[in-house]
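The following paragraphs lead from the overall fold to one helix and then to one pair of charged side chains. Please keep the sequence and the coordinates in view while reading.

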Amino acid sequence: MDELFLKKKIFNQWIYFTIFVLILLYLFLGTGLFNDDYSYVSKLEKKDFFDFINPKFSFLFIFYYFYYWAYWLLGNEYQWFYDILKFFTSLLSIWLVFKFASDYLPKDRAFLASIFFIFYPTHESTIYLYAVLFYTIVPSLILYSHHLIR
């Protein structure tokens, strides 16, 4: 009886997680590029490969290679790929904040706290604007590093 209850509970958790991921994917599909993204595209699509690997014009060296490569590679086309990158970055941020919050809260509340932290209404530009995704991932990494140190 207990084994059946545990399997049903795990199955229900996977269903809830799948529904959450589908809702999150729905929020990001079709957002594409916006505002400052076009200036980065116009600046980076004119560079060749050797100019791209020498980021003397970028003050964010690490994020230049983690995020800005898409501007150089994709340009204005394939905007759905930017949506997928934003989706995975937000999903990763939620998981990192969840790991931090689970040290101090029960798992269900930690999950809600991580969603509220990432999707707080004043954070809409940091989620939907591809150029500033690092405003979301950096605090998440800092909180996760606190979780690992603890």
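A residue is called buried when its relative accessible area is under 20%, and exposed when that value is over 50%. The model discussed here is predicted.

The protein chain contains nine helices and zero strands, so that its pattern along the sequence reads α-α-α-α-α-α-α-α-α. Of its 150 residues, 36% are buried. Among the contacts with a separation of 6 or more, 65% join residues 24 or more positions apart. The chain exposes about 10,100 Å², and 69% of this area is supplied by carbon and sulfur atoms.

Helix α7 shows how burial is arranged on a single element. It covers residues 107-118, and its 12 residues reach 16 Å from the first C-alpha to the last, close to the 16 Å expected at 1.5 Å a residue. Its buried residues are Ala110, Ser114, Ile115 and Ile118. Because these buried residues fall within an arc of 135 degrees when α7 is seen down its axis, they line one face of the helix. Asp108, Arg109 and Phe116 lie on the other side of α7 and are exposed.

The discussion now turns to charged side chains. The structure holds one salt bridge, formed by Lys86 and Asp83, whose closest N and O atoms are 3.6 Å apart. Both residues belong to helix α6 (residues 79-101); because they are three residues apart there, about one helical turn separates them. Lys86 has a relative accessible area of 0% and is therefore buried. Asp83, at 3% relative accessibility, also counts as buried.

Key. Residues numbered from 1 in each chain as written. Predicted model: local features only at pLDDT ≥ 70, side-chain atom pairs only at ≥ 80, totals over all residues. Heavy atoms only, no water. Helix = DSSP H or I, 4+ residues; strand = E, 2+ residues; numbered from the N terminus. Buried < 20%, exposed > 50% of the residue type's maximum accessible area, 1.4 Å probe, protein only. Contact = heavy atoms within 4.5 Å. Areas by Shrake-Rupley, 256 points an atom, 1.4 Å probe, with all protein chains shown as cover. Expected span 1.5 Å × (residues − 1). Arc of directions from axis to C-beta. Salt bridge = Lys/Arg side-chain N within 4 Å of Asp/Glu carboxyl O.
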